Amino acid sequence: MAAQKDRVMALSEWEDRWQEGRIGFHQLHVHRMLKTNIDKVLCGRKDVRFFFPLCGKAIDMKWLADMGHSVVGVELSQKAIKQFFEENNLSYSEESVPAIPGGKMFKSSDGKISLYQCSFYDFSSSIAGQFGGIWDRGALVAINPCDRQRYAALIVTLMDKDCRYLLDTLLYNPELYGGPPFFVSDEDVRNLFGSACDIELLQTEDSFEERHKSWGLDSLTEKVHLLTLKGN
């Protein structure tokens, strides 16, 4: 991890990736590990409010909304947000968010999906409340390693007392690839969330693909953790 700890990506670099279509992190199908573990997140609950940090245009959001849940996402790129609605044939409205300077909210016409265009750190529970579920696929692994404590602290404030937070992490040799996505170890997860949350490892998979060879890697492991607030 020492090789990555000082790596910093400016927000403008993420915006450039969206503008230039360099979005290899976007998946065309609902994430298999979300599908596999969704029952452990829901625990029989209906109408769960889900939060998607750094949501991009993840089709997982529509999948959950189609199941009857509601979704709130935060994304820097307006292009990503508009593409989500357009590619899923969803009509939407756009409005400013007074509590976030320059921020906007894009909401589906049925009210099930609300996506905020802003920096993640400008978002808070005072803007959209707390959530019963969080799906973190590509968020913690994307933020600058130096910002992880700040990120984790904000995530915890967004968790309702019965929240079930599904966290996806990646393991590989960080000496071989500078990221993002960044290497996040089990120890990192414990250090970030262990004081506030109980942590359960749900699934471990070999996720190495041919494209990862271009990163200089010869192996990549994906893990999914389930986090719940202590005492709940």
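These are my notebook entries on one predicted chain.

**Entry 1: overall fold**

I began with the whole chain. I counted secondary structure and got seven helices and nine strands. Next I checked the radius of gyration. A compact globule of 232 residues would come out near 17 Å, and the chain has 17 Å, so the two agree. I then took the box along the principal axes: the C-alpha atoms fill roughly 45 × 45 × 30 Å.

How much of the chain is buried? I found buried residues to be 50% of the 232. I also looked at contacts with a separation of 6 or more. Of these, 69% are between residues 24 or more positions apart.

**Entry 2: surface and charge**

I looked up the accessible surface and noted about 10700 Å². Carbon and sulfur atoms hold 48% of that area. For charge, I counted 27 positive and 33 negative. I compared their mean positions, which lie 2 Å apart.

**Entry 3: Q203**

I turned to a single residue, Q203, and placed it in strand β8, residues 197-206. Is Q203 buried or exposed? Its relative accessible area is 14%, and buried means under 20%. I therefore logged Q203 as buried.

I then traced its side-chain partners. One polar contact, of 2.7 Å, runs to the side chain of N37. Another, of 2.9 Å, reaches the side chain of E205. Leaving out residues up to four places away in sequence, I listed what Q203 touches: M33, T36, N37, E222, K223 and V224. N37 is thus on my list of touching residues and is also a polar partner of the Q203 side chain.

**Entry 4: helix α4**

Helix α4 covers residues 78-87. Which of its residues are buried? I noted A80, I81, Q83, F84 and F85. I followed what these buried residues pack against. On the helix side I found α1 (11-20) and α3 (60-66). On the strand side I found β2 (70-75), β3 (92-96), β4 (104-108) and β5 (113-117).

I checked the ends of α4 as well. At the N-terminal end, S77 is the cap. A side-chain oxygen of S77 lies 3.3 Å from the backbone nitrogen of K79. Just after α4 comes N89, with a positive phi of about 55°.

**Entry 5: positive phi**

I kept the reference point in mind: most residues other than glycine have a negative phi. N89 is not a glycine, yet its phi is positive. I placed N89 in the loop between α4 and β3. At 70% relative accessibility, I logged N89 as exposed.

C43 is another non-glycine residue with a positive phi, of about 50°. Where does C43 lie? I found C43 in the loop between α2 (32-42) and β1 (49-52). With a relative accessible area of 45%, C43 is partly exposed.

**Entry 6: cis peptide bonds**

Most peptide bonds are trans. I looked for exceptions and stopped at the loop between β7 (159-171) and α7 (186-193), which holds P180. The bond from G179 to P180 is cis, with omega near -5°. The next bond, joining P180 and P181, is cis too, with omega about 0°. P181 lies in the loop between β7 and α7. I marked G179 to P180 and P180 to P181 as the cis bonds to view in this loop.

Methods:
Residues are numbered from 1 along each chain as its sequence is written. This is a predicted model: local features need pLDDT of at least 70, side-chain atom pairs count only at pLDDT 80 or more; totals for chains, interfaces and linings use all residues. Side-chain values use heavy atoms; hydrogens and water are left out. Helices (H or I, at least four residues) and strands (E, at least two) are DSSP runs, numbered from the N terminus. The radius of gyration is taken over C-alpha atoms; the globule rule is 2.2 Å times the number of residues to the power 0.38. Buried means under 20% relative accessible area, exposed over 50%, partly exposed in between (1.4 Å probe, protein chains only). Contact means heavy atoms within 4.5 Å. Accessible areas come from the Shrake-Rupley method with a 1.4 Å probe; for residues, only the protein chains shown count as cover. Lys and Arg count as positive and Asp and Glu as negative; His and the chain ends are not counted. The place of a charge is taken as NZ of Lys, CZ of Arg, CG of Asp or CD of Glu. A polar contact is a pair of N or O atoms within 3.5 Å; within protein, one must be able to donate a hydrogen and the other to accept it, and residues adjacent in sequence count only if both atoms are side-chain atoms.
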